[in-house]
Amino acid sequence: MSETGTPGRYQRTTNGLIGSMIVAVVVVIGVVVFRSIFRNDLEVQPEPVDYLELVAAVQSADREPAYPPALPAGWIATNVEASQANQAPRFFLAVLTDEGRFIGLRQEDESVEDLLEGHVDADTDEQGTAEVDSAVSSTWEVFSDEGGDTAYAAELGEENLLVYGSAPQEDLELFLGLLSTEPVGATAAGR
């Protein structure tokens, strides 16, 4: 207590406030710099999935999904989905090339236009047809969008097959050439 009997007070000044703010900012910057020096940059690698297991299950339900029996070295399947028995037939496979470029495969009982709009772009341009040596179709309709994606479409029985992605045309056509509807394991046994 002060001599007057009132509690002591410290002087609150603008300079004191500014000084304490500077100290707080310096501490925050120090913590950020310290963390950035000792932080490991994590490179997240996609997890590969075993798509052949699901393909075999779909085939056992009397469906014929188009799929690649094997992928080129460095390519990985990252996602695979199929509809349930009581749903409209649908099959999806996502692949990344060795350079990390995306290739998607959709096989559905939908029109090519609906597949393009839902999975590529609402505004695609038809580029004509391409002849590709493939077990599922030799002639493919080709589409592209302004974002640089390319899509190949073909009929497969009562369904439409769409292969699309940001991968270069050569990789997309290589993928088309790998496609088969043979029972899983039959293509490896027939080599």
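These questions and answers walk through a predicted model of one protein chain.

Student: How many helices and strands does the protein chain have, and in which pattern do they follow along the sequence?
Tutor: The chain holds five helices and seven strands. Read along the sequence, the pattern is α-α-β-β-β-α-β-β-β-β-α-α.

Student: Where is confidence lowest, and where is it highest?
Tutor: The mean pLDDT of the chain is 83, and 86% of its residues reach 70 or more. Where pLDDT is low, the predicted coordinates should not be read in detail. The low end is helix α5 (residues 186–189), with a mean of 54. The high end is helix α4 (residues 169–178), at 93.

Student: What percentage of the residues count as buried?
Tutor: The cut-off for buried is under 20% relative accessible area. The protein chain has 191 residues. The share that counts as buried is 34%.

Student: What share of the exposed area do carbon and sulfur atoms supply?
Tutor: The protein chain exposes about 12,300 Å². Carbon and sulfur atoms supply 51%.

Student: Which residues of α4 are buried, and why are they on the same side?
Tutor: Four names come up in α4: D171, L172, F175 and L176 are buried. They lie on the same side of α4 because they cover an arc of only 145 degrees around the axis.

Student: What covers the buried residues of α4?
Tutor: The buried residues are D171, L172, F175 and L176. Their cover includes strands from several parts of the chain order. Among them are β2 (90–96), β3 (102–108), β5 (139–144), β6 (150–156) and β7 (159–165).

Student: Which residue forms a salt bridge with R63, and how many residues apart are the two?
Tutor: Side chains of opposite charge can pair when their charged atoms come close. For R63 and E159, the closest N and O atoms are 3.6 Å apart. R63 sits in the loop between α2 (51–60) and β1 (76–82), while E159 is in strand β7. The partner is E159, and the pair is 96 residues apart.

Student: Is that pair, R63 and E159, buried or exposed?
Tutor: The two residues form a salt bridge. R63 is buried, and E159 is also buried.

Student: What is the closest N and O distance between R106 and E108?
Tutor: The structure holds two salt bridges. R106 and E108 form one of them. R106 counts as buried, at 12% relative accessibility, and E108 is buried too, at 10%. Their closest N and O atoms are apart by 3.8 Å.

Student: Is D62 buried or exposed?
Tutor: D62 lies in the loop between α2 and β1. Its phi is positive, about 60 degrees, although D62 is not a glycine. The cut-off for exposed is over 50%. D62 has 75% relative accessibility, so D62 counts as exposed.

Student: Which residues make the nonpolar surface patch, and what is its area?
Tutor: One member, V33, belongs to helix α1 (residues 14–38). V33 has a relative accessible area of 41%, so V33 is partly exposed. The patch is made by V25, I29, V33 and I37, and its area is about 360 Å².

Student: How many Å apart in space are E155 and V136, C-alpha to C-alpha?
Tutor: E155 is in strand β6. At 63% relative accessibility, E155 counts as exposed. In sequence, E155 and V136 are 19 residues apart. In space, their C-alpha separation is 8.8 Å.

Terms used
Residues numbered from 1 in each chain as written. Predicted model: local features only at pLDDT ≥ 70, side-chain atom pairs only at ≥ 80, totals over all residues. Heavy atoms only, no water. Buried < 20%, exposed > 50% of the residue type's maximum accessible area, 1.4 Å probe, protein only. Areas by Shrake-Rupley, 256 points an atom, 1.4 Å probe, with all protein chains shown as cover. Patch = residues over 30% accessible without salt bridge, like charges linked within 9 Å, V, L, I, M, F, W, Y side chains within 5 Å. Salt bridge = Lys/Arg side-chain N within 4 Å of Asp/Glu carboxyl O. pLDDT = per-residue confidence, 0-100. Arc of directions from axis to C-beta. Contact = heavy atoms within 4.5 Å.
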